[in-house]
Amino acid sequence: MNILEAVKETIMGNGNLTKEPSVKKKKVLIGVAGFHGVIPECQENFFQFAYRCGRDYPQFEFFLKIVIKKEQFRARNNLVDLAIVNDCDYVLMLDDDMVIPPDLFGKMVAHDKDVLGCLYYQRGGAYHSVIMKQTSKKD
């Protein structure tokens, strides 16, 4: 086979002279649950974050979805359903009023855990911390 035939086979998908082994990228859904919409400064921050993730972590494939006009739990359930349908490996849930640091994803992946969470506080009133308890009961 001459070089022209080899190039033709590679372009047509019949050869593997220049093909690198196909590595499946892990998929990440960055989901924003917004009840009243998204504050413009936060929305800009989310876009910058997603762009930065794509540049800094090329081994992952990122999707950004903002769900508004729904109650928080419905928006979050929709995001989880979207992640399942798109075969995502990770879901990062954000709220519509959050501004996040550009290195958040790298810090989270470095922990190498299935689930990560953080402590957060109720809005208004005494600002009590919100603590979740795992139960065996199915919803």
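Two residues are said to be in contact when heavy atoms of one lie within 4.5 Å of heavy atoms of the other, and with that meaning in hand the surroundings of D96 can be described: leaving aside its neighbours within four places in sequence, D96 is in contact with V32, A33, G34, F35, H36, G37, V38, I39, C42 and R123. The structure discussed here is a predicted model. The points below take up its nonpolar cores, the helix α2, the residue D96, the salt bridges, two backbone angles and the cysteines.

**The nonpolar cores**

- The largest nonpolar core has 17 residues, and among these I30, F46, F49, F62, L94 and F105 are the ones that touch the most other members.
- Several elements contribute to this core, since β1 (26-33), α2 (40-56), β2 (60-67), β3 (90-95) and α4 (104-110) each supply at least two of its residues, while the largest share, five residues, comes from α2.
- A second core, separate from the one just described, is made up of seven residues, including A33, L79, A83 and C88.
- Which residues is F49 in contact with, once its neighbours within four places in sequence are left aside? They are I30, L92, I100, P101, P102, L104 and F105, and two of these, I30 and F105, are also listed with F49 among the members of the largest core that touch the most others.

**The helix α2 and its two sides**

- Helix α2 is 17 residues long and spans 24 Å from its first C-alpha to its last, which is close to the 24 Å expected at 1.5 Å a residue.
- The residues C42, N45, F46, F49, A50 and C53 of α2 are buried, and when the helix is viewed down its axis the buried residues fall within an arc of 135 degrees, so they line one face of α2.
- A general point about helices helps in reading such a pattern: an α-helix has 3.6 residues a turn, so residues three or four places apart point the same way.
- On the other side of α2, the residues P40, E41, Y51 and R55 are exposed.
- What do the buried residues of α2 pack against? Their partners are the strands β1, β2 and β3 together with the helix α4.

**The buried residue D96**

- D96 is placed in the loop between β3 and α4, and with a relative accessible area of 13% this residue counts as buried, because the cut-off for that word is under 20%.
- One of the residues that D96 contacts is C42, which is itself among the buried residues of α2.

**Salt bridges**

- How many salt bridges does a search of the whole structure find? The search finds five, and three of them are described here.
- The side chains of D87 and K24 meet in a salt bridge, with N and O 4.0 Å apart, and this pair links distant parts of the chain, as D87 is in the loop between α3 (72-85) and β3 whereas K24 is in the loop between α1 (3-12) and β1, 63 residues apart.
- In terms of accessibility, D87 is partly exposed at 46%, whereas K24 is exposed at 57%.
- The side chains of R76 and D95 also meet in a salt bridge, at 2.3 Å from N to O, and because R76 lies in helix α3 and D95 in strand β3, the pair ties together parts that are 19 residues apart in sequence.
- R76 counts as partly exposed, at 24% relative accessibility.
- A further salt bridge joins K107 and D103, whose closest N and O atoms are 3.4 Å apart, and D103 is partly exposed at 34% relative accessibility.

**Two residues with positive phi**

- D87, already met as a partner of K24 in a salt bridge, has a positive phi of about 55 degrees although it is not a glycine.
- Y127, another residue other than glycine, also has a positive phi, near 55 degrees; Y127 is found in the loop between β4 (120-121) and β5 (129-130), where it is exposed with a relative accessible area of 51%.

**Cysteines**

- The count of disulfides comes to zero, the rule being that two cysteine sulfur atoms must lie within 2.5 Å.
- Both C53, with a relative accessible area of 1%, and C88, at 18%, are buried; C53 belongs to α2, while C88 is one of the residues of the second core.

Terms used. Residues numbered from 1 in each chain as written. Predicted model: local features only at pLDDT ≥ 70, side-chain atom pairs only at ≥ 80, totals over all residues. Heavy atoms only, no water. Core = buried A, V, L, I, M, F, W, Y, C linked by side-chain atoms within 4.5 Å. Buried < 20%, exposed > 50% of the residue type's maximum accessible area, 1.4 Å probe, protein only. Helix = DSSP H or I, 4+ residues; strand = E, 2+ residues; numbered from the N terminus. Expected span 1.5 Å × (residues − 1). Arc of directions from axis to C-beta.
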